[in-house]
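Please open the structure in your viewer and keep the selection tool at hand. The stops below can be followed in order.

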Amino acid sequence: MQAWQVHENGEPGEVMRPAETDRPQPGDGQVLLKVRAANINFPDALLCRGHYQVRPPLPFTPGVEICGETEDGRRVLATPALPHGGFAEYAVADAAALLPAPDALDDAEAAALHIGYQTGWFGLHRRAHLQEGETLLVHAAAGGVGSAAVQLGKAAGATVIGVVGGADKAEVARQLGCDLVLDRRTDDIVAAVKDATGGRGADVIYDPVGGDAYAKSAKCVAFEGRIVVVGFASGSIPSPALNHALVKNYTITGLHWGLYNTKDPRAILRCHEELTELATKGAIKPLVSERVPMAGAAAAVQRVADGVTTGRVVVLPQGGAA
C-alpha cells in the first residue's frame, strides 16, 4: 500500500516521504481500516518534529484522525494507533474506540469532526461550563480547532468573539458565525473585547495558541471567567501569574482531550452522540477548506504547521472528492 513515512524528525515538508509498504497488521483489540479521509491536525506536525507528547518509533506514518471503513463496510471515525497513522491507504485503530461516522457529513467532513470538535465540546461544556448568553472569545478562530469552538459556542447560544490573523481569516471567521471578529495584527484585542462587553470582559476564553494570546486573555477575562488552555500553536508556553488569577477571580483550566480515552471513555461516546445530533440539525459542520490527494499530504501538513490554512485540510488517500 502507499503511505507517508517519517524516518527522522524535522519539518513535515522535509521529513515526510512517500513509501510502498505492507498493510499494517492489527494487534489484540485492533482493527484494520481502509482510510477514506485523513484530517490534518497540528499534532501531526509536532509528531514529525519530535515535539509531541507521544513519540512513536521511527519510521512512522503520521495522521491522527480519520474517517475509515471497516471490513464489513461501516464508515467510522478513529484515531489510528501509531506508528500506523492515517496518511496511508490503510491504518489500524482500537476497535473499542471506533465511533460511527454521522450520515449528515461526507468523508472529509466526518474525518474533521472527531478530535477538534470533541476538544471543543469538552473544553466549553465540561471544563468551562459555557452558558447561554455568555460571551466566548476564541483565539485562532478561523483555524481547525478554533472554527470548531466557534460553531459549538454559537450552538450553545453564546455571543462569540473571534480573534484571527489577517483579513482573509477574518472573513472566514465571519462566515463561521462570529458576532465580532478581531484581527490580532491590527486591533487592540483587550480594548475591543472590553468595549464589546461593556467593560466586563469575556466569560470564557478558548486558547489553542498560548504565548501573547494568553497574555491578552488574562487582561480581558471577566469576573469569574474561565480561560481554557487547549494548546500552544504559537510555540510559546506561557507562565500564568497566579496572583493575577486570584485578585481578578478567574479560573485557568487545562484540557487534554486524549486523557478521556483512558479516564472516561463513556464521556467520549456521549459527546459524539451530541455532536452527531448537532451535525444532523446543521448546527455544526466542519469547515473543510482543502481536499488534497495522497501525493500532496506532506506539503499540506507543512501548510498547517506554518499556520497559513483556514478550517481543516483533509487528505484523501483513495482519491476522489470524498
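This tour of a predicted model goes from paired strands to aromatic rings.

**Stop 1: the hairpin.** Select residues 66-69, which are strand β4, and then residues 75-78, which are strand β5. The two strands run antiparallel and are joined by four bridges. To see one partnership, pick Ile 66 in β4; its bridge partner in β5 is Ala 78. Now select the turn: β4 and β5 form a hairpin, with five residues between them. Gly 73 lies in this turn and has a positive phi of about 90°.

**Stop 2: the next strand.** Keep β5 selected and add residues 99-100, strand β7. β5 and β7 also run antiparallel, and two bridges join them. Which residue in β7 stands opposite Val 76? Select Pro 100 to find the residue facing Val 76 across the strands.

**Stop 3: a charge over a ring.** Leave the strands and select Arg 23 together with Tyr 90. Arg 23 lies over the face of the Tyr 90 ring, at 4.0 Å from the ring centre.

**Stop 4: the aromatic cluster.** How many aromatic pairs does a search of the whole structure find? The search gives two. For one of them, select Trp 121 and Phe 122, an edge-to-face pair with 5.3 Å centre to centre and 85° between the planes. Are Trp 121 and Phe 122 buried or exposed? Both residues are buried. Finally, add Tyr 260 to the selection: Tyr 260 forms one aromatic cluster with Trp 121 and Phe 122.

Technical notes: Residues numbered from 1 in each chain as written. Predicted model: local features only at pLDDT ≥ 70, side-chain atom pairs only at ≥ 80, totals over all residues. Heavy atoms only, no water. Phe/Tyr/Trp six-rings, centres within 6.5 Å; stacked < 30°, edge-to-face > 60°. Buried < 20%, exposed > 50% of the residue type's maximum accessible area, 1.4 Å probe, protein only. Lys NZ or Arg CZ within 6 Å of the ring centre and 35° of its normal. Pairing = 2+ DSSP bridges.
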